[in-house]
Number of protein chains: 2
Amino acid sequence: MTNNRVFNFSAGPSTLPLSVLEEVRDQLVDYDGSGMSLLEMSHRGAHYDAVHTETMALAREVFALPEDFDVVFIQGGATLQFSMVPANLLAGAASVAVVRTGSWSDKALADATEYGSAYVAWDGKPVRYARAPAADEIEVRDGTRYVHVCSNETIEGLRFPEFPDIGVPLVADMSSDIATRELPWELFDLVYGGTQKNLGPAGMALVFLRHRILTSLRQDQGAYLRYGIHVDKDSLYNTPPVFSVWVTGKVLRWIRDSGGLKAMTAAAERRAGTVYEAIDGSDGFYRCPVEPSSRSLTNVVFRLPHEDLEARFLSEAADRDFVGLKGHRSVGGCRASLYNAMPQDGADALAQFMRDFRSRAR
Amino acid sequence: MTNNRVFNFSAGPSTLPLSVLEEVRDQLVDYDGSGMSLLEMSHRGAHYDAVHTETMALAREVFALPEDFDVVFIQGGATLQFSMVPANLLAGAASVAVVRTGSWSDKALADATEYGSAYVAWDGKPVRYARAPAADEIEVRDGTRYVHVCSNETIEGLRFPEFPDIGVPLVADMSSDIATRELPWELFDLVYGGTQKNLGPAGMALVFLRHRILTSLRQDQGAYLRYGIHVDKDSLYNTPPVFSVWVTGKVLRWIRDSGGLKAMTAAAERRAGTVYEAIDGSDGFYRCPVEPSSRSLTNVVFRLPHEDLEARFLSEAADRDFVGLKGHRSVGGCRASLYNAMPQDGADALAQFMRDFRSRAR
């Protein structure tokens, strides 16, 4: 039944641990002998309550979340957070500094301008998003409430190798590298990430926020858009996305039981290293546009000598059941997304295919 | 495997068609021989695109949606719509008239006040939410952009038997009776409902909106909160809630193949009628606080002579695997939620149990 499993390099939604999928399948129709699916149960009942509480607890444990942080589950992915973060944090005349590292920080910037003053504190566009900035390159003005960083740009394939300490609280969109690295929590007021890459199915974001900021958030908006309500109600103000919470809990348990974030980082470095080695050892046949120090561990982008070759590469890769290697439509080229559930075998097989393809193409 | 299925009267999430759950289970790990779960696939790929397109088409077909309406899938359930509707529709000095029929219209009212002027156009509180108003009782002021109605109040157990025609466009929250009744679309500018009662798992709302209102919506907010973006991008601006769209599509197909909304209405009337008969034929042992003409077809609320008897009723019901009969914590008593997937057998068994309990309790 599962022996036809492909290597899925999709940028998100993306590959999940097979054991998690099989567990969900086996529990889907009749949950724990209850005569119901978990999908059918009241979110105020004992079964769902246990699932909800466990997912929360696992999130705290896996992320080593300090006591003074809350974690909430909010629907709408990172995209809704692009609105909620400034709508909640930008009180009065405060402004947000956005570090512009690629497409996703651009989206965060665009939405922030609807809620207050937003400015670019470092602009990666002139260097074609080839690297993340050092801390001392980020120019923060007086009155800045927070500095928004996208920890990993899924489309351009770069990341902050280290989070910058600039004396103003950071807010990080970690959608594409959440749960792949440990975090220096002392630098952050808020961290968010969609679940659909490293943590589960689409349909939810994990939002971590420093408890003490709750007292200074803006309240002049509807209930769902106020962080305080989600915190007060333990993410049960309204019906939560039951399936997402359930499956994300299973993935978090899988992460914990696989060695936690340290093990995820080591696996990510090894997987990405395997593919970057195939790129860097190709005498320029494959090119990664990102400087080595800023290269993403989860989204390896690369180009071939010309677009016809790229098309042939992608076509032959598809024939070998390598799925999702096409680069984002806005930048073209190729991209291998290597999230937590991608086995090292997938990276090995891709690297071997890249070497073979290069030999044949010469 | 499925012979222990209980009768699930939960108010939402709630019972789903068993055939849908079994299909999801069977397709969960390896979708259509692809070597991946649908949960793992790119939302821009062919497999998901087919699912998305089919769910959209089924929604149009089942709801007999006129050509000049759009349908979009938005995360956050009806609760996010409590913010989005006024945030989009209340441009300039326009106000919203809210018909106050119970707890959910109260929530819609509270959120609307954050985005503009909102007033109560008919107040059901003085009559203890025992009925919905007639059209000529709803007092609409000049400058009213829309009249908000909650078509069915899940907690108080009442509904609009007919939607009022008052010469101002209606907006309806249909979370608890969506897909149980046909709609006079000419009265509405917008209709929304969470999926987790009659249409699928939690995690999404269906929003139907009249196309021509798009040009007059407010734009001064983040992308996810603008209806126009969801319409323009066909609900694929960002990663959609794949599982919700998939399962909701299956339920919509089940509705269509079961005879569509006409058949759903007939089944709802018969199910609810069975339980109301047990109430009305009990010589006052069971009491429904709602006037017959406004009684909900999906949420039958009733009281027993005193709270001790209610506790005993609920306890014995639970022993017989009748799940979820406790009334909402804010009002107490009992409630049988009878959504589309509840078989008539469930209503029959409950009515029989109610008669038996009454005989024993006398």
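**Exercise 1.** Which residue stands opposite A:R335 in β13(A)? Place this residue pair in its strands and describe the surroundings of β13(A).

*Solution.* The model is a predicted one.
Step 1. The residue opposite A:R335 in β13(A) is A:V301.
Step 2. Strand β11 of chain A covers residues 299-302, and four bridges join it to β13(A). The two strands run antiparallel.
Step 3. Strand β13 of chain A comprises residues 334-337. On one side lie A:C334 and A:A336, and on the other lie A:R335 and A:S337.
Step 4. These four residues are all buried, so both faces of the strand are covered.

**Exercise 2.** Describe the interface of chain A and chain B: how many residues of each chain are in contact, and how much area is buried?

*Solution.*
Step 1. On chain A, 63 residues touch chain B, and 63 residues of chain B take part in return.
Step 2. The two chains bury about 4800 Å² between them, with 59% of this area on carbon and sulfur atoms.
Step 3. Two salt bridges are counted between chain A and chain B. In a salt bridge between the side chains of A:R5 and B:E40, the N to O distance is 2.6 Å. This pair qualifies because the cut-off for a salt bridge is 4 Å.
Step 4. Across the interface, 24 residue pairs are in polar contact, both residues being at pLDDT 80 or more.
Step 5. On the side of chain A that touches chain B, the elements giving two or more residues are α1 (18-27), α3 (77-89), α4 (103-112) and α6 (242-257). Helix α1(A) gives the most, with five residues.
Step 6. By residue class, that side of chain A divides into 26 nonpolar, 25 polar and 12 charged residues.

**Exercise 3.** Is A:R25 buried or exposed, and with which side chain does the side chain of A:R25 make a polar contact?

*Solution.*
Step 1. A:R25 is found in helix α1 of chain A.
Step 2. The relative accessible area of A:R25 is 16%. A residue is buried when this value is under 20%, and therefore A:R25 is classed as buried.
Step 3. The side chain of A:R25 makes a polar contact with that of A:D26, at 2.9 Å.

**Exercise 4.** Where in chain A and chain B do the cis peptide bonds of A:P13 and B:P13 lie?

*Solution.*
Step 1. Most peptide bonds are trans.
Step 2. In chain A, a cis peptide bond joins A:G12 and A:P13, with omega about -5°. A:P13 is placed in the loop between β1 (7-8) and α1 of chain A.
Step 3. In chain B, a cis peptide bond joins B:G12 and B:P13, with omega about -5°. B:P13 belongs to the loop between β1 (7-8) and α1 (18-27) of chain B.

**Exercise 5.** Two residues of chain B, B:R128 and B:A179, have a positive phi. Which loop holds each residue, and is each one buried or exposed?

*Solution.*
Step 1. Most residues other than glycine have a negative phi.
Step 2. B:R128, which is not a glycine, has a phi of about 50°. B:R128 is found in the loop between β4 (117-123) and β5 (144-150) of chain B. With a relative accessible area of 74%, B:R128 is exposed, because the value is over 50%.
Step 3. For B:A179, also a residue other than glycine, phi is near 70°. B:A179 lies in the loop between β8 (170-173) and β9 (188-194) of chain B. The relative accessible area of B:A179 is 0%, which is under 20%, and so B:A179 is buried.

Conventions. Residues numbered from 1 in each chain as written. Chains lettered and ligands numbered in written order. Heavy atoms only, no water. Contact = heavy atoms within 4.5 Å. Buried area = accessible area lost by both parts, 1.4 Å probe. Polar contact = N/O pair within 3.5 Å; in protein donor to acceptor, adjacent residues only side chain to side chain. Nonpolar A, V, L, I, M, F, W, Y, C, P; charged D, E, K, R; others polar. Buried < 20%, exposed > 50% of the residue type's maximum accessible area, 1.4 Å probe, protein only. Pairing = 2+ DSSP bridges.
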